[in-house]
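Here is a short round of questions on a protein model. Each answer sets a value against a rule.

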Amino acid sequence: MITSFPKLLGATVVTLKLLSASLFFGLFLGLFFAILRLNKNIFINKFAYGYSYIFRGTPLLVQIFIIYFGLGQIEYLRTTFLWVILKEPYWCAIIAFTLNTGAYTSEILRSAFQTIKPGIIEAGKSLGISSKIIFYKIQIPIAIRQSLPAYGNEIILMMKGTSLASTVTLMDLTGVAKYIISTTFKPIEVFIVAGGIYLFMTFIIHNVIKYLEKKYSFQQ
Amino acid sequence: MELLAFGKTGWGDELFYATLMTIAVSITAMLVGFFFALIFTPLKLSKYKTLNLVGNFYTTVIRGVPELLVIYLFFFGGSGAIMYVASIFGYYEYIEINAFITGSMAIGIISGAYSTEVFRGAIQSIDKGQFEAAKVLGINKFGQFYKIILPQMLRLAIPNLSNVWQITLKDTSLISVTGLVEIMRQSYIAAGSTRDPLFFYSFAAVLYLLLTYVSMKLINKLEVRYSRGY
């Protein structure tokens, strides 16, 4: 139990890297698709809806497998520069996680945008603020505040999702835990240590989000 | 398309049975989850601090740890635990548990943690007056719960339970690591033998989309049924 701890802690770094990279790219992707969802053009709207529907309706495991095993099959892709990225399981995992979290984030942000009271936007307009500035200075900050609790859940879900990277040969926390279990046959001890590390991360994320919620609450 | 033919030439029938397996595991896991929720929801709502602690421990740990890790615990630790229990009763032979049972238990425990939260939320949002009115009318505790609280709770819980169902359905794909032949495992086998992973994994994605789509439609009907009178 004690000997496995440093190994698992080392693997936690991989998990955190995967998590932060996919959350970073996923946030932009989510914002992009949330804006598309609010577009009045029905095709753009349907396209964004289709994206989020497909990625939310299929398991993350399928998405990783399609990107890691599936895309390598297309001969053409192998000749382009994309192949440098797609042959690495690390980047494949990040791409899959980004697309997945992007879909959930776009839903969270969309509903946040939609709950903004029209009066606030009208107030901005009547003050003569341009619609671009209304969007960036009024709508986005309010939407971020609104979506914090849901986004916190999404971060935790994504942290758990990174465990699937172990299925494409990446040695993240779950991958190393599985390796130790299968070599030592001590599933319960390893589960306690690895699970403890995950819970600790959940705990920290939970509290950071809580702190941010308080900081950005409307009362201030 | 010939890849999907039924019979010996294609993978159509294999994938069809695999889909049935996914549905079977999801339903079993959901029921196991309800069973756990039935135990842990009262604990979370209990007056006693220790019972609260037990209930909170279950939901926090399971919801904070990756599903895959829980599955590995069951997969590698399950037969060991059963053998340990059996050895107490004087049975020392090797016992192997079926992948279906391990898988549905693991996913069921995860699903149960989410269901517990849903039930707790639904019960808490029922007006206190309902409990009091039932008490005043002299209905016993059993009747209070089954005739008054449960029907109202179900209406509130169904939208969130449909989310739990979606999560459970998607989580079953993770059981493929234990070798149970459901959609994901079958696609893996087919992709390996035909060297066409793109097609089979995309097809798996379509199957999952179909399952989520159909189940959403069914749940919406259920929702309408339980919202009669509102």
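The questions below concern chain B of this predicted model and its contact with chain A.

Q: What makes up the pattern of chain B along the sequence?
A: The pattern reads α-α-α-α-α-α-α-α. Chain B has eight helices and zero strands.

Q: How do you know that the span of helix 8 of chain B agrees with its number of residues?
A: Take 1.5 Å times one less than the number of residues. Helix 8 of chain B has 30 residues, so it should span 44 Å. Its end C-alpha atoms are 43 Å apart, which agrees.

Q: Why are Phe200(B) and Leu211(B) called buried?
A: A residue is buried if 20 or more other C-beta atoms lie within 10 Å of its own. Phe200(B) and Leu211(B), in helix 8 of chain B, are buried, so each meets that cut-off. Tyr201(B) and Ala204(B) are among the other buried residues of this helix. Across chain B, 39% of the 230 residues count as buried.

Q: What do the buried residues of helix 8 of chain B pack against?
A: In chain A, they pack against helix 2 (42-57) and helix 3 (60-70). In chain B, they pack against helix 1 (12-45), helix 6 (141-171) and helix 7.

Q: What makes up the contact between the chains?
A: Chain B gives 27 residues and chain A gives 31 residues. Helix 8 gives the most to the side of chain B, with nine residues. By class, that side has 19 nonpolar, five polar and three charged residues.

Technical notes
Residues are numbered from 1 along each chain as its sequence is written. Chains are lettered from A and ligands numbered from 1 in the order in which they are written. This is a predicted model: local features need pLDDT of at least 70, side-chain atom pairs count only at pLDDT 80 or more; totals for chains, interfaces and linings use all residues. Helices (H or I, at least four residues) and strands (E, at least two) are DSSP runs, numbered from the N terminus. A residue is buried if 20 or more other C-beta atoms lie within 10 Å of its own, exposed if 12 or fewer, and partly exposed in between; C-beta atoms are placed from the backbone. Two residues are in contact if their C-beta atoms, placed from the backbone, lie within 7 Å. Ala, Val, Leu, Ile, Met, Phe, Trp, Tyr, Cys and Pro count as nonpolar, Asp, Glu, Lys and Arg as charged, and the others, Gly among them, as polar.
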